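Let's walk through a protein together, one question at a time. Have a look at the picture, then see how you do.

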Amino acid sequence: MTTKTIEGKRETEQGEQKGQGRALPEGWRWVKLGDIAETCSGTTPSRKIADYYSGSIPWVKTGELLDNAISDTEEYISDLALKKTSLKVLPVNTVLIAMYGQGKTRGRTGRLLVPATTNQACFAILPNPEVFDSEFIQWWFRHIYLKLRQETDGRGGNQPNLNGKLLKARIVPLPPIAEQKRIVGILSDRLAAVDQARQATQAQLEAAQALPAAYLRQIFNSPEAQTWETLPLGDCLTHIQAGKSVSCVEIPANSDEWGVLKVSAVSWQKFDPEANKVLPSDFTPDPEHEVKTGDLLISRANTTELVGAVVLVRKTRPRLMLSDKTLRLDIKPQKAVKEYLEIVLREKQARAFIEENATGTSDSMKNISQKLIRKIPILLPSLETQKVISKRINNREPEIERMRQSLQDQLDTINALPAALLRQAFNGEL
């Protein structure tokens, strides 16, 4: 649908000259935000005056802008703060935009469902119901969120920011008020349905991801398992081999280069040969440290949840070397099956022991020694039972992975729907 009226054509040309690059539907017009709305920002009352924060007036910070409707806040200010500072109470349906903030906060929006004040990093668009629907304006800024961030990356030094002048100069496509309300109604209904679908699919994905742990519980909580002997892992080992600590650049090795494993290579229950760093050209690796198919590897340093992570190398590439943080467990074949040890070392008894005994002052980097690894308690049935369990678990893994991947693809599709719906809305296609 293209603009037909002379006035509309002029507005379209003006919009295109200002970077919009497309025609508007009939009856729509390009407008500057500052021409249709009163705007302002807030302030942060002095933290040194406790009485400023002892009241009941909502005070919004940028971290609370989650492309949401705001009916409550983390902090409140008092009438005294309102009297002594430049703060003013903003009315219901004020649209807020985060001018700066941590992570992905910059450019995020909120809309007030209650009168409230804000800090200085919130840009406020006061309602003007005769000209625009506040939800329509919020949806527009959600639609251009990534574009706003890209345009302002690097603006403001260490903390990129949007500023009031930039936002007031922003061009907005504005249909008649009745059309705005119609679009808002459709978006609200459809995006609510998208959110329900997202939550349902996410729950299914989490359930699929929990299946391996459920299978382990089913095996190790069974009456049969209560008859198995608990032994230290060391009884099943002939040797633990560590690699070398090498100073490397953070780029992966090419296929004809030597690389050293990163801890992430063994962190996620499946060996990842691409998680490596290229070795310096003047470093000569020890052939004994090369990773081979059939190796059982364990991480001796990682976060609390991932230290002691274990993987069996089912497929690898040549010229990969163990690091000082990835250890190879050499197994007594008359005592244990590698596939079973990979499973039992993920079982809750082993994990609880590792997490309780790992050393380190920070949860982001815990360590386990070779001595501690040998002490990890494991349930050890007969070799034949180990083989049966391993086969049962490994046969289920492809099915679980197919289910997980299908649900992840479905979730990715759902997550792309809001952007598609917003494009349709502001192209006049709803």
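**Getting to know the fold**

The accessible surface of the protein is about 22,000 Å², with 49% of that belonging to carbon and sulfur atoms. Keep in mind that this is a predicted model.

Q: How many helices and how many strands does the protein have?
A: Both kinds of element turn up in this protein. The count comes to 11 helices and 22 strands.

Q: Is the protein more spread out than a compact globule, or less, and what is its radius of gyration?
A: For 430 residues, the globule rule gives 22 Å. The protein comes out well over that, so it is more spread out than a compact globule. Along its principal axes, the C-alpha trace spans about 85 × 55 × 55 Å. The radius of gyration is 30 Å.

Q: Of the contacts between residues at least 6 apart in sequence, what percentage join residues at least 24 apart?
A: Here we leave out pairs that sit fewer than 6 places apart in the chain. Of the contacts that remain, the share joining residues at least 24 apart is 74%.

Q: Which residues touch the most other members of the largest nonpolar core?
A: Nonpolar side chains tend to be buried together in soluble globular proteins. The largest nonpolar core here has 40 residues. Another core, of 38 residues, lies apart from it and includes Leu33 and Ile183. In the largest one, the residues touching the most other members are Leu329, Tyr340 and Leu341.

Q: Which residues does leucine 341 touch, not counting those up to four places away in sequence?
A: Leu341 is one of the residues that touch the most other members of the largest nonpolar core. Skip its sequence neighbours up to four places away, and its partners are Leu233, Cys236, Leu296, Ile331, Ala336 and Ile378.

Q: Which strands stand at the edges of the open sheet of four strands?
A: The order in this sheet is E12-E19-E15-E17, with antiparallel pairing. An edge strand has a single partner, so one side of it is left without a neighbour in the sheet. That picks out E12 (237–242) and E17 (310–312).

Q: Which residue in E19 stands opposite leucine 297?
A: Strand E15 covers residues 296–299, and strand E19 covers residues 326–331. The two pair in the antiparallel sense over four bridges. Opposite leucine 297 stands arginine 328.

Q: Is threonine 109 buried or exposed?
A: You'll find threonine 109 in strand E7 (residues 109–112). Beyond its neighbours within four places in sequence, its contacts include Leu65, Asp67, Ile97 and Phe141. Its relative accessibility is 0%, and the cut-off is under 20%, so threonine 109 counts as buried.

How values were computed:
Residues are numbered from 1 along each chain as its sequence is written. This is a predicted model: local features need pLDDT of at least 70, side-chain atom pairs count only at pLDDT 80 or more; totals for chains, interfaces and linings use all residues. Side-chain values use heavy atoms; hydrogens and water are left out. A nonpolar core is a set of buried Ala, Val, Leu, Ile, Met, Phe, Trp, Tyr and Cys residues joined through side-chain atoms within 4.5 Å. Buried means under 20% relative accessible area, exposed over 50%, partly exposed in between (1.4 Å probe, protein chains only). Contact means heavy atoms within 4.5 Å. Two strands pair if DSSP finds at least two bridges between them. The radius of gyration is taken over C-alpha atoms; the globule rule is 2.2 Å times the number of residues to the power 0.38. Accessible areas come from the Shrake-Rupley method with a 1.4 Å probe; for residues, only the protein chains shown count as cover.
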